[in-house]
Amino acid sequence: MKPHIPKIVGVAAHAGKPAARERLIELLALLNAGKVSVLLEQEAASLAGQPGAGQSLKQIGKTADLIIVLGGDGTILRVARELDGCETPIFGVNMGNLGFLTSVRAENLRDALPEILRGEYQLSERQMLQTGLVRDGKPLETHRALNDVVVSRGAFSRVVRLQLSIDGEMLTEYVCDGMIFATATGSTAYSLSAGGPILVPTARALIITPICPHALSNRSVIAGENSLIRCQVAGAAGELLLTVDGQVQLRMQVGDEVEVRQSPRTVQLVTPQGHSYFEILRERLKWSGANV
């Protein structure tokens, strides 16, 4: 997919963000001045005082050339999930602290948007995961994730035993608090806080990171992009959860199996020309040191 001049723009927003309505009104005025057609997602339509004009993101994704998201990384994760496989490019405008998925801060929108509407932007294609919950040999639910899929114990549960295999070959049994399966995009999210590696967004791989493993030698494993990972719950005392991108949560039980593989769908993130992922990385992680 190559950048092109958008004629129809969808707009999604996180209504709970401070000054969300003011930023939305500003965005709509800029889009009107740019002479593009606007489609409002339901939450954005309510925020703009036009509740009857709202559409689902899945509907918008079939028509729009571009979707602008006012919010943060969590809002982009929601939009990517609700697009349900539509690969409409997403332009993230951060309403709080700079995230890893959003491209510009809200206060810089007025300068950045005209370039985007002229088709002067970059596209960053991001891998997604496809995960399925299997019980008694029968698939229960399937979901897609942009960041990660997490198997974790509840607040008052004890450690769990998880058996992992990659492409049909046994890896090991982990005694731990849970397991994170992440994309390169999700490598800077929960997986990083659990000691996982950072992968550049263009990398195609599946990251397996145990949460608080009892064996100190249990470290992250990086599987190939075409690998099929199976994680079976061998033992657990108490509540066990499967969480997709921190937003979809399913209850699990002993014997359940989680299958994780690369999704055939990807997410296209829009960034301004000259946008630097490494600059964001340095700023977000507060890296400092001498310039080489």
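Reader: How much space lies in the largest pocket?

Author: About 210 Å³ lies in the largest pocket, and please keep in mind that this is a predicted model.

Reader: What makes Ser124 a lining residue of the largest pocket?

Author: A lining residue has an atom within 4 Å of a pocket point. The lining holds 16 residues, and Ser124 is one of them; together with Arg126, Pro201, His275 and Tyr277, Ser124 lies nearest the centre. Strand S6 (121-135), S17 and helix H7 (277-284) each supply at least two lining residues, with the largest share, 4 residues, coming from S6.

Reader: Moving on to the interior, what makes the set around Val11 and Phe91 a nonpolar core?

Author: The term asks for buried residues of kinds such as Val, Leu, Ile and Phe, joined through side-chain atoms within 4.5 Å. The largest such set has 30 residues, and Val11, Leu31, Ile68, Phe91 and Leu113 have the most contacts inside it. Two or more residues each come from strand S1 (8-13), helix H1 (20-33), helix H2 (42-47), strand S3 (66-71), strand S4 (90-94) and helix H5 (109-117). H1 gives the largest share of this core, 6 residues. Apart from it lies another core, of 27 residues, including Leu133, Val160, Val233 and Val248.

Reader: Which residues does Phe91 touch?

Author: Leaving aside residues up to four places away in sequence, Phe91 touches Leu66, Ile67, Ile68, Val69, Ser103, Val104, Leu109, Ile116, Val270 and Pro272.

Reader: Why are Thr75 and Arg78 of helix H4 called buried?

Author: Buried means under 20% relative accessible area. Thr75 and Arg78 count as buried residues of helix H4 (residues 73-82), as do Ile76, Leu77, Val79 and Ala80, so each of them falls under that 20% cut-off. The buried residues of H4 pack against S1, H2, helix H3 (57-63), S3, S4 and strand S17 (257-272). After H4 comes Asp84, with a positive phi near 55 degrees.

Reader: Now the sheet: why are S13 and S16 said to stand at the edges?

Author: The open sheet has 6 strands in the order S13-S12-S11-S8-S15-S16, paired antiparallel. Strand S13 (221-224) and strand S16 (248-252) each have a single partner strand, so one side of each is left without a neighbour in the sheet. From one strand to the next, the twist averages 20 degrees.

Reader: And how do you know that S15 and S16 are paired?

Author: Pairing takes at least two bridges between the strands. Strand S15 (residues 240-244) and S16 have 5 bridges in the antiparallel sense, so they meet the requirement of at least two. Within this pair, Leu240 stands opposite Met252 in S16.

Methods
Residues are numbered from 1 along each chain as its sequence is written. This is a predicted model: local features need pLDDT of at least 70, side-chain atom pairs count only at pLDDT 80 or more; totals for chains, interfaces and linings use all residues. Side-chain values use heavy atoms; hydrogens and water are left out. Buried means under 20% relative accessible area, exposed over 50%, partly exposed in between (1.4 Å probe, protein chains only). Contact means heavy atoms within 4.5 Å. Axes are lines fitted to C-alpha atoms, for helices over the stretch in contact, and angles run from 0 to 180 degrees between N-to-C directions. On a 1 Å grid over the protein atoms alone, a cavity is a set of points where a 1.4 Å probe fits but cannot get out, and a pocket is an open set with protein on both sides within 12 Å along at least five of seven lines; lining residues have an atom within 4 Å of a point. Grid points are joined across faces, edges and corners, and a volume is the space filled by probe spheres set on the points.
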